[in-house]
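Hi everyone, thanks for coming. I'd like to walk you through one structure today, so please have a look at it with me.

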Amino acid sequence: MSTVEFRNASRIYDNTRPPAVNRINLSIADGEFLVLVGPSGCGKSTTLRMLAGLEPIDEGSIFIDDVDVSEVPARKRDTAMVFQSYALYPNMTARQNMAFALENAKVPKAEIAQKVENAAKMLELGPLLDVKPGNMSGGQRQRVAMGRAIVRSPKVFCMDEPLSNLDAKLRVATRGQIAALQRSLGVTTVYVTHDQTEAMTMGDRVCVLKDGVIQQVDEPTHLYEHPGNTFVAGFIGSPSITLMDGVSLEEGRAVIGEGHTVDLGIERELATRAKGPRVTVGVRPEAWDIVGSSANPVPDALPLRAGLIEHLGSEAFVYCDAIMTPDSPVTVRGQRVVLRADKRQPITTGETLYARPRFGECYFFDPESETNLEYVA
Ligand SMILES: Nc1ncnc2c1ncn2[C@@H]1O[C@H](COP(=O)(O)OP(=O)(O)O)[C@@H](O)[C@H]1O
Ligand SMILES: [Mg+2]
């Protein structure tokens, strides 16, 4: 039984700059698989290292099982770290690498052998136990690094981008294996990745970080369907959401250009939470309907020029440029609108399309705070 709690925990490397980890509050349940996700440099590794005791806590505290471990040295915290680089000893076999920490802890030899055998079986490492890392593939090394953490039966697994060195196909297979393994072991796990797909597919809950500050902690589907702000909306989901600034709401209808109105299905109650007359609207690729083309232009829709078309077999993503009239109050961030199209719908690069956000599937954000209006009181 192991819970983890960050209470106002900060890490300040440099007093002249904002904290790398800024007053984090996060409670992780016993046996939970929590993923920390965010862009490079947002403080994921630092947060994890603070938990493992590899980085001091400059403000606040961290509790494991309701015990303040802020001043407890790493080796006494009973956490096991899996690094991106694996950090295996090159001159030791898989067996020796996995046994090393237990030998240091003076665990009886028979018990070590048993634990190593068990972990090897779980990870299908049996035939590799007497092989050194230099003679293994990346995936095999990754499993040895996992095995080394498992044999210690720690209170918490701390994993820092453990799949980043694997090729794409192996990464997909391994993420499923790690998630299944964690669930069968039931060990509380904090898993760091910059990859939102990994976060979404592996985590019980996902914590999104930006500039050392927690943006949102939620279950994956909830994060996708109810992003707290434009950052989370943009970070979670691939291809990412289109954000349109300066949309004015008139009786719940959005004005996107001169005489150009689209009914976005915003609930009246939600619309009243907007502080000003304009909002930022988010539309995911699957929430657009393509309603017209240059041969068949339609009013009250957004004109787009189709650019790159990504055919994925079952569907296609069309990366478009928004064609905004000079008088339009609306600006599309990055000028870019991504649509998901049916594979049967013939679209060619360069053609003009007309698209409408699907009724009731848009997100509305306060333009100042960038907060989703769902979360505005
Ligand atoms: N040892 C260090 N000394 C000074 N600054 C650091 C150190 N480690 C990380 N940082 C800074 O702290 C911030 C967060 O880094 P990090 O936790 O490694 O981010 P992430 O793992 O999300 O990429 C970055 O701005 C990084 O430059
Ligand atoms: Mg990192």
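How much area is buried between domain 1 and domain 2, and what percentage do carbon and sulfur atoms give? Before I answer, a word on what you are looking at. This is a predicted model, where local features need pLDDT of at least 70 and side-chain atom pairs count only at pLDDT 80 or more, while totals for chains, interfaces and linings use all residues. Residues are numbered from 1 along each chain as its sequence is written, chains are lettered from A and ligands numbered from 1 in the order in which they are written, and side-chain values use heavy atoms, with hydrogens and water left out.

Now the answer: about 830 Å² is buried between domain 1 and domain 2, and carbon and sulfur atoms give 46% of that. Buried area here is the accessible area (1.4 Å probe) that two parts lose on being put together, summed over both. Of what domain 1 buries against domain 2, Tyr224, Pro227 and Thr230 supply 63%, more than any other three residues.

The domains themselves are 4–231 for domain 1 and 241–375 for domain 2, with bounds from an automatic or database domain assignment. Their centres, taken over C-alpha atoms, are 39 Å apart. Domain 1 brings 10 residues to the contact and domain 2 brings 12, where contact means heavy atoms within 4.5 Å.

What holds that boundary in terms of pairs? There are 0 salt bridges between the two domains, a salt bridge being a side-chain nitrogen of Lys or Arg within 4 Å of a carboxyl oxygen of Asp or Glu. There are, however, 10 residue pairs in polar contact, both at pLDDT 80 or more. A polar contact is a pair of N or O atoms within 3.5 Å; within protein, one must be able to donate a hydrogen and the other to accept it, and residues adjacent in sequence count only if both atoms are side-chain atoms. On the domain 1 side, strand 10 (213–218) and helix 7 (220–225) are the elements giving two or more residues, and helix 7 gives the most, with 3 residues. Helices (H or I, at least four residues) and strands (E, at least two) are DSSP runs, numbered from the N terminus.

Let's move on to helix 2, residues 94–104. Its buried residues are Ala94, Asn97, Met98, Ala99 and Leu102; buried means under 20% relative accessible area, exposed over 50%, and partly exposed in between (1.4 Å probe, protein chains only). Helix 3 (109–122) and helix 4 (138–150) are among what covers them. Just after helix 2, Lys106 has a positive phi of about 60°.

Helix 2 also has a charged link: Arg95 forms a salt bridge with Glu117, closest N and O atoms 3.4 Å apart. That joins helix 2 to helix 3 across 22 residues.

In strand 1 (residues 4–11) we find Ser10. Ser10 is buried, at 0% relative accessible area, and its side chain reaches the backbone nitrogen of Arg23 at 2.9 Å.

Finally, two more salt bridges. Asp289 pairs with Arg358, closest N and O atoms 2.8 Å apart. Asp289 sits in strand 15 (288–293) and Arg358 in the loop between strand 20 (352–357) and strand 21 (363–365), so this pair ties together parts 69 residues apart in sequence. Arg333 forms a salt bridge with Glu370, at 3.1 Å between closest N and O atoms. Thanks for listening!
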